[in-house]
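Here is a short briefing on one protein chain. Read it with the structure open.

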Amino acid sequence: MLPRFVAILCLLAISTQPLLAKKRWAIKNVEITALVDSAGYMTIEEKRTYQFWGKFSYAFYDLSLAGLLDVDQVQVLEDGETYQLSTEKTPGTFLIGRESKKISIRWQFREEGDRAADRSTIREFTLRFRVLGAVRVHRDVAELYYKFVGAGWDRASEKVRVTIQLPKMNSNDDVRVWAHGPLHGHVSRQPNGIVNLSIDHLPRGEFFEARVVFPKQAVAAAAAAVQDDREALPEILQQETQWAEAANQKREKAAAHEKWQAANREKYASWMWLGLAAGIVFSLYMYQRYGRSLRRGQDTMSATAPTDMPPAVANYILNARQLSGGALLATLFDLAARGYLQLRQEKSVSRFLGFSSTKWEGEIVFEEDKLRFAPSELLPYERLLLEFLRTDLAQNRRELSFAEITKQSSQIRRFFEKWKKAVALQAGKPKLYDSASVRASLITFAVWLLIIAANAFGIHALGEENSVPFLAVSIIFAPLSFVILRHDRETAEKLDRLHAFRRYLKRFSRTPQNQSAPWQHVDNLLVYATALNLSGAQIRPLVDVINHQPGAIAFPWFIYSSGDAATGISAAMAAMVDVAGTALSSASGSGGEASTGGGGGAGGSGGGAG
């Protein structure tokens, strides 16, 4: 039992490894210094610390022009070295793109040299630019309303610190400051016209902005374009009061919710452990009772061919009700052994400049007399295959080469889908899985869905920190419910026989055998070897046993010409298996082994990396 669970967990780990290894990036720190001058212009120096996993070559920064006059004097620096403005995307340069509502800055990283693609790298970049029209001058006050971090970032920022230096003024008493964004952000007013904003963990897609009101005399040189004649302070105070009250209500509600969660954790946290443990115990019980395989051990061998299963049906059962190219090849070999056709193989060697290349070419030769009076012993899917090869592909000619088959791949793919249905009809409708194990898997999966739902509710009731690990574990265990599925007894018995015989064929060269075995015996082994997806190299030992029979140089239905006395029947037959198997598999497409509040501030940034 445990090996199967371990195998499933390993597969999950392997399947998620590419996701974990994929390159990614994060924003560690954002430090912004904003200097407002007497003209109402704001010069910003923004230091952004990135962490990269994998190879990155550029980053970009989008700045909204909403509510602004313009942005100029753009610079990009790294470790004190200035990137050069350019129209080319070369390392150590940056370019500026302008649209009607935003400005985009993209810089190409300076070369770092070779390093491991999965290694973490910390890089700090500094952006400098001047914002024109950042301050609005009203009849009574001047107002700076600006998003220092916009909602355009799809990564969270671990730490954001903003320092605003206002122009010189006689007194700070008339300076009022507010911050908008997540409720855990902070704002403070310092002496000498300094305003500080700070927030830890700014979620992705959320903004962080400041609103500062100060005497208009401090920006006496402001342009007329940013001045208006309205009394703004009463409206600003009313608006900020409303937002502050709403924020306080949210804080109170959040505090009450946290208190409720803390109380729940004291009462119900142990139930999370109990539910998870109960789910695991229930899964183990259901597996022990309904999931233990009905199949025998994996090392058994049997020399008895499964003659009660026609070759294509054996292939169908072995491949879990699918067909590989081996089913077609095995059916051809079986029909040839029964006299309905002959297989011919010819080896040609070409030489050029001392180099030689070998090519095997094969063809099917139809036995017209026997096909004309085809007995009723032919199975429906066998008749269907013969009619398709002889009538549709060979156009009633006596010969059909495998090269021609390869060229008719689209026609053969359409036929193969029809032929699969005929083989499935011949095989009947065996139950793939035991009914009791199916019910047990579904019941166990339903139990895990209930546990998942309970853990999802626990995120609300107990908090993410306490519930997400339980939710993640239950999501991992839910699909493992289908480990309980086991093969139906009849299907398990057939699979055991097929796999035991296949192991015998694969180890044929290492098993005691009669070196003077009649070709009819090898004939039967060969048909099932191709049906069970053995390759040409694996089939050679089967044919080797007839090489020493006096006067027997080939199967009666297999004629080969090598032009080389050293080439034996086993090599020719192995080549036939590979040539024919590849042609049939590739043409049929079957494959197989054989072949809150605020938001009105101007500006607002966003960006990314690649």
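Y433, V438, L442 and F482 together make a nonpolar surface patch of about 330 Å². The model is predicted. The points below start from that patch, then take up the whole chain, a bent helix, the salt bridges and the surroundings of F60.

**Nonpolar patch**
- F482, one of the patch residues, sits in the loop between α10 (464-477) and α11 (489-506).
- The relative accessibility of F482 is 35%. That value lies between the 20% and 50% cut-offs, so F482 counts as partly exposed.

**Whole chain**
- The protein chain contains 14 helices and 23 strands.
- It has 610 residues, and 44% of them count as buried.
- About 31,000 Å² of the protein chain is exposed. Carbon and sulfur atoms supply 54% of that area.

**Helix α2**
- Helix α2 covers residues 233-291, which is 59 residues.
- Its end C-alpha atoms are only 74 Å apart. A straight helix would reach 87 Å at 1.5 Å a residue, so α2 falls short of the expected span.
- Where does α2 bend? The bend is at K267, and its angle is about 55°.

**Salt bridges: E78 and R110**
- A search of the whole structure gives 27 salt bridges.
- One of them joins the side chains of E78 and R110, at 3.5 Å from N to O.
- This pair links distant parts of the chain, with the two positions 32 residues apart in sequence numbering. E78 belongs to strand β4 (residues 70-78). R110 belongs to the loop between β8 (102-108) and β9 (120-132).
- Are the two partners buried or partly exposed? E78 has a relative accessible area of 4%, which is under 20%, so E78 is buried. R110 stands at 24% and counts as partly exposed.
- E78 and R110 also belong to a network of salt bridges that includes D79, E81 and R123.

**Salt bridges: R338 with D334 and E382**
- R338 meets two acidic side chains, D334 and E382.
- The D334 to R338 salt bridge is 3.0 Å, N to O.
- The E382 to R338 salt bridge is 2.8 Å, N to O. This pair links distant parts of the chain, 44 residues apart. E382 is in helix α6 (residues 380-393). R338 is in the loop between α4 (325-337) and β18 (341-352).
- D334 is buried because its relative accessible area, 15%, is under the 20% cut-off.
- E382 is buried as well, at 2% relative accessibility.
- R338 has 24% relative accessibility, over that cut-off, so R338 counts as partly exposed.

**Around F60**
- F60 is part of strand β3 (residues 58-64).
- Its relative accessible area is 27%, so F60 is partly exposed.
- Which residues touch F60, leaving aside its neighbours within four places in sequence? The contacts are I105, R106, W107, W153, G606, G607, G608 and A609.
- F60 and F94 are 34 residues apart in sequence. In space, their C-alpha atoms are 9.2 Å apart.

How values were computed:
Residues are numbered from 1 along each chain as its sequence is written. This is a predicted model: local features need pLDDT of at least 70, side-chain atom pairs count only at pLDDT 80 or more; totals for chains, interfaces and linings use all residues. Side-chain values use heavy atoms; hydrogens and water are left out. Helices (H or I, at least four residues) and strands (E, at least two) are DSSP runs, numbered from the N terminus. Buried means under 20% relative accessible area, exposed over 50%, partly exposed in between (1.4 Å probe, protein chains only). Contact means heavy atoms within 4.5 Å. Patches are made of residues with over 30% relative accessible area and no salt bridge: like charges are joined within 9 Å, nonpolar side chains (Val, Leu, Ile, Met, Phe, Trp, Tyr) within 5 Å. Accessible areas come from the Shrake-Rupley method with a 1.4 Å probe; for residues, only the protein chains shown count as cover. A salt bridge is a side-chain nitrogen of Lys or Arg within 4 Å of a carboxyl oxygen of Asp or Glu. The bend at a residue is the angle between axes fitted to the seven residues ending there and the seven starting there.
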